[in-house]
Amino acid sequence: MTTDAPPPEVSTDTRTAQPTTEAFIATQESAGFGELRHAHRSFAFPLTIAFVLWYLLYVLLSNYAGGFMGTKVYANINVAFVFGLAQFVTTFLIAWFYSRHAAAKLDPRAEAIKSRMEADA
């Protein structure tokens with residue numbers, strides 16, 4: 001089948017220039033990037049450690065404190081069930097806190113670094 005349509009136009013590369021490797025290294029060594037890294041780590045590491053310890057407490061109590069974990073709280077709901085649900089609640093709370101922290105402290109700094117790198121490229 002033949003057509004009278006013209007061939008598609010060849011597009012030229014319109015991407016913006018990318019920063020050089022040296023620019024990435026300079027940015028990584030900058031004070032602003034260090035502050036961004038510190039803001040992330042000072043939030044993420046303590047919460048991660050706290051959550052892992054909380055989870056390990058739940059596992060250890062389940063294994064070695066069966067009497068305590070089997071204590072009825074209400075009707076057929078026992079301490080183990082409450083702790084298990086608390087694990088889910090804790091997970092969602094940490095995710096929510098992190099999203100608020102990232103929006104308030106991390107994203108503006110990251111955007112400033114990105115804008116600076118794009119302007120220099």
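**Entry 1: His101**

I looked up His101 first and placed this residue in helix H4, which spans residues 79–120. The model is a predicted one, and I read each value below with that in mind. I then asked whether His101 is buried or exposed. His101 counts as buried, because its relative accessibility is 13% and the cut-off for buried is under 20%. Leaving aside residues up to four places away in sequence, I found that His101 touches Ala39, Phe43 and Leu106.

**Entry 2: Confidence**

I next checked how far the model may be trusted. The chain has a mean pLDDT of 88, and 91% of its residues reach 70 or more. Which element of the chain has the lowest mean pLDDT, and which the highest? Helix H1 (residues 21–28) has the lowest, at 86, and H2 has the highest, at 94. I noted as a caution that predicted coordinates should not be read in detail where pLDDT is low.

**Entry 3: Aromatic pairs**

I searched the whole structure for aromatic pairs and recorded 4. One of them joins Phe43 and Tyr98, with 5.8 Å centre to centre and 45 degrees between the planes, and is tilted. I noted that this pair links distant parts of the chain, since Phe43 lies in helix H2 and Tyr98 in helix H4, 55 residues apart. Phe43, which I had already listed as a contact of His101, is buried because its relative accessible area is 19%, under the 20% cut-off. Its partner Tyr98 is partly exposed, with a relative accessible area of 32%.

I then turned to Trp96 and Phe97. Their ring centres are 5.2 Å apart and their planes stand at 45 degrees, so this pair is tilted; tilted covers angles that are neither under 30 degrees nor over 60. Trp96 counts as partly exposed at 46% relative accessibility, and Phe97 is partly exposed at 38%.

Which residues do ring pairs link into a cluster? I recorded Trp54, Phe68 and Phe83 as its members.

**Entry 4: Nonpolar surface**

Lastly I examined a nonpolar surface patch of about 880 Å². Phe45, Ile49, Val52, Leu53, Tyr55, Leu56, Leu60 and Tyr64 make this patch. I took Val52 from this list for a closer look and placed it in helix H2 (residues 31–64). Why does Val52 count as partly exposed? Its relative accessibility is 41%, and partly exposed lies between the 20% and 50% cut-offs. I noted that Val52 can belong to the patch because patch residues need over 30% relative accessible area, and Val52 has 41%.

Technical notes. Residues numbered from 1 in each chain as written. Predicted model: local features only at pLDDT ≥ 70, side-chain atom pairs only at ≥ 80, totals over all residues. Heavy atoms only, no water. Helix = DSSP H or I, 4+ residues; strand = E, 2+ residues; numbered from the N terminus. Buried < 20%, exposed > 50% of the residue type's maximum accessible area, 1.4 Å probe, protein only. Contact = heavy atoms within 4.5 Å. Patch = residues over 30% accessible without salt bridge, like charges linked within 9 Å, V, L, I, M, F, W, Y side chains within 5 Å. Areas by Shrake-Rupley, 256 points an atom, 1.4 Å probe, with all protein chains shown as cover. Salt bridge = Lys/Arg side-chain N within 4 Å of Asp/Glu carboxyl O. pLDDT = per-residue confidence, 0-100. Phe/Tyr/Trp six-rings, centres within 6.5 Å; stacked < 30°, edge-to-face > 60°.
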